Amino acid sequence: MTSAPRLLWLIGVFGLLIFLALLSIRIGTRAVSLGDVFAALQGQVDSIGQAAVATRLPRTLLAVLAGAALGLSGAVMQGVTRNPLAEPGLLGVNTGASLAIAIGVAWFGIVSAQAFVWTAILGAGATAVFVYAIGSLGRGGATPLKLTLAGVATSIAFTSLVIAIVLPRADIAGGIRSWQIGGVGGATFDTIRLVLPFLIAGFVMALLSARKLNALAMGDELAAGLGERVALARGVSALAAIVLCGATTAACGPIGFVGLVVPHLCRLLVGVDHRWILPFSALIGAGLLTAADVLGRIVARPSELEVGIVTAFLGAPFFIWIVRRQRVREL
Amino acid sequence: MTTIALSAVRADRRARRIRRTTVLGFLSAVLLALFAFALSSGQSFTPPLQVLRVLMGEEVPGASFTVGQLRLPRAVLAVLAGMSFGMGGAAFQTMLRNPLASPDIIGINLGASAAAVFGIVVLGLDGAGVSVFAIVAGLGVALTIFGLSWRGGISGTRLILVGIGVAAMLESFISYVLSQAPAWDMQEAMRWMSGSVNAAQMDQALPVLAALVIFGGALLVRAKDLEVLTLGDDMAAALGTPITRTRIVVMIASVGLIAVATAATGPILFVAFLSAPIAVRLTGHSGSSLIPAGLVGATLVLAGDHVGQFLLPARYPVGVVTAALGAPYLIYLIIRTHGGGRA
């Protein structure tokens, strides 16, 4: 594929993202007129509509950032593991972040939001390494089935550990439980300011790893033959994926399936070159999560569906579709 | 020559039969002992004699309430549900010839759980209505998973992965319905997310008992045919086994067992998955694993509930305990099944 149609797609996807972001600001329990949106953007909070916009702005921004981070994270994970089912949610990486946060809050009394983010990233990283190690033990390396099962088993075990930590602590139970569903509803600019440095670092590292992922896609031996330091390439890209999904999980709670769906869509659109897949994954991920958040506010009026629930309902059928389409290796 | 070979086969059969009988006796004894222990110990200790008097229907001050009202329904429900999960899981794993194709891994437990939550919170059902609704939903989920993984045949791998996808949706659905429910407290939510026999009532145990008699009975009647199916369809057909009928009966019966138990306790995770492998380890492939798996399941739930209640620093629902036990075993199975020399 030449670059021209991909550039057009890029512009199109970017336009769609802007449109979805505007939609996210206008639509909610109460729809807001464009006039109110512009007034609120200039700092007015006189009418109810303008006040709604003031809370929807950080929410929309967080949805865009988190979606981009999850999409990118999934694309990098699928590239690093060469496994079409790799994804932060399915691999249990999100639950690892949750467990780390539960441990941090309950036993180490972490309160500073900064510590929150670091804890989540550490938990995500340790879990990713753990699950990947289990999945790749034995014959055949990390097949989709083994990796997914290892992720599911780890998720279930960690979830019950989270429960074991949280249940006796009524003081933190409610907060952790609502955070565990995964949503952007409570977003503030402070939350965003906090995770932004991590996200930016993750974005930069991930985008820079595109060429390395292309090399890894050819197989370890060929990549090594071409002068790529395979272990280093893997390490850097994996670190980027972990920072991105750890920081996102700290801000929004575990959100599944975005990282699974988005890279597949991107490959359908722009082929297999990671230099294109990665930026597209960020944009489409942002669009998808924003759309899912808007959808959650529309379908459950007057209350709303947490975005993590919406993405599970959109993503799981897609997951099944991939499983049916792929010739998944037999046990 | 032949006589020697024949007598070797006979000796082998006898050894297997002895092993099976011993193991079944041992499992029953363990279960009985645990049951007696669960009735007499708790926050306070009740002497066995008093427990017996309560069981005989006598009015014993103090003990009548703790034993008769609190511990007995709880222990009975734990045993019945554990048996259902164990037998249902064993039937599934045998029918699909895959230890990973267990109802709790492919999402059938969660299907029944989602139905129970929806039935109770949204439709306002109770009692037997919840059980029936859970069976229907469990069968629906099972059929959906089979249908979605059909591509000119069922591949174990595809079935399990599709099941994981369906389970993710059901889990989200449950947490949504629960989040909308008025004043639903953590304990109650935990029951439907991970399974618990907290606050059990005798009338909750009745549908489970009925399901065990009907569906468990149906499975036992088909036990021989089910074993033959593991030899492969061609072999089974050659031996005159009604393949399709056996599959249908086994599927309905095992989903029925799982669904009714789930409607009473929530999806107590990994009991269905763990029971048959443990049972097979103990009996050494001698005969059908249905009954030993049922006994192992009952033991797991009863013991897990006691551990969750009294041996940990806080009180946990049994599902949390079984999940923490089962997940490492699943991980072990992933590693071992695919490990070095073993095919």
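**Entry 1: the A/B interface**

I started with who touches whom in this predicted model. On the chain B side I get 48 residues, in contact with 44 residues of chain A. Next I looked up the area: the two chains bury about 3,900 Å² between them, and 78% of that is on carbon and sulfur atoms.

Then I went for the polar side of things. How many salt bridges does the rule find across the interface of chain B and chain A? Zero. For polar contacts I do get hits: three residue pairs across the interface, with both residues at pLDDT 80 or more.

Which elements of chain B supply the side that touches chain A? Four helices turn up as giving two or more residues: α6 (128-148), α7 (156-180), α8 (186-194) and α15 (318-337). I checked which of them gives the most, and α7(B) comes out on top with 16 residues.

**Entry 2: a patch on chain A**

I moved on to the surface of chain A. There I noted a nonpolar patch of about 320 Å², made by A:L295, A:I298, A:V299 and A:L314. Which helix gives the most to the patch? My note says α13 of chain A, residues 274-299, with three residues.

I picked A:V299 for a closer look. This valine lies in helix α13 of chain A. Is A:V299 buried or exposed? I have it down as exposed, because its relative accessible area is 55% and the cut-off for exposed is over 50%. That value also clears the patch requirement of over 30%, so A:V299 passes on accessibility with its 55%.

How values were computed: Residues numbered from 1 in each chain as written. Chains lettered and ligands numbered in written order. Predicted model: local features only at pLDDT ≥ 70, side-chain atom pairs only at ≥ 80, totals over all residues. Heavy atoms only, no water. Patch = residues over 30% accessible without salt bridge, like charges linked within 9 Å, V, L, I, M, F, W, Y side chains within 5 Å. Areas by Shrake-Rupley, 256 points an atom, 1.4 Å probe, with all protein chains shown as cover. Salt bridge = Lys/Arg side-chain N within 4 Å of Asp/Glu carboxyl O. Buried < 20%, exposed > 50% of the residue type's maximum accessible area, 1.4 Å probe, protein only. Contact = heavy atoms within 4.5 Å. Buried area = accessible area lost by both parts, 1.4 Å probe. Polar contact = N/O pair within 3.5 Å; in protein donor to acceptor, adjacent residues only side chain to side chain.
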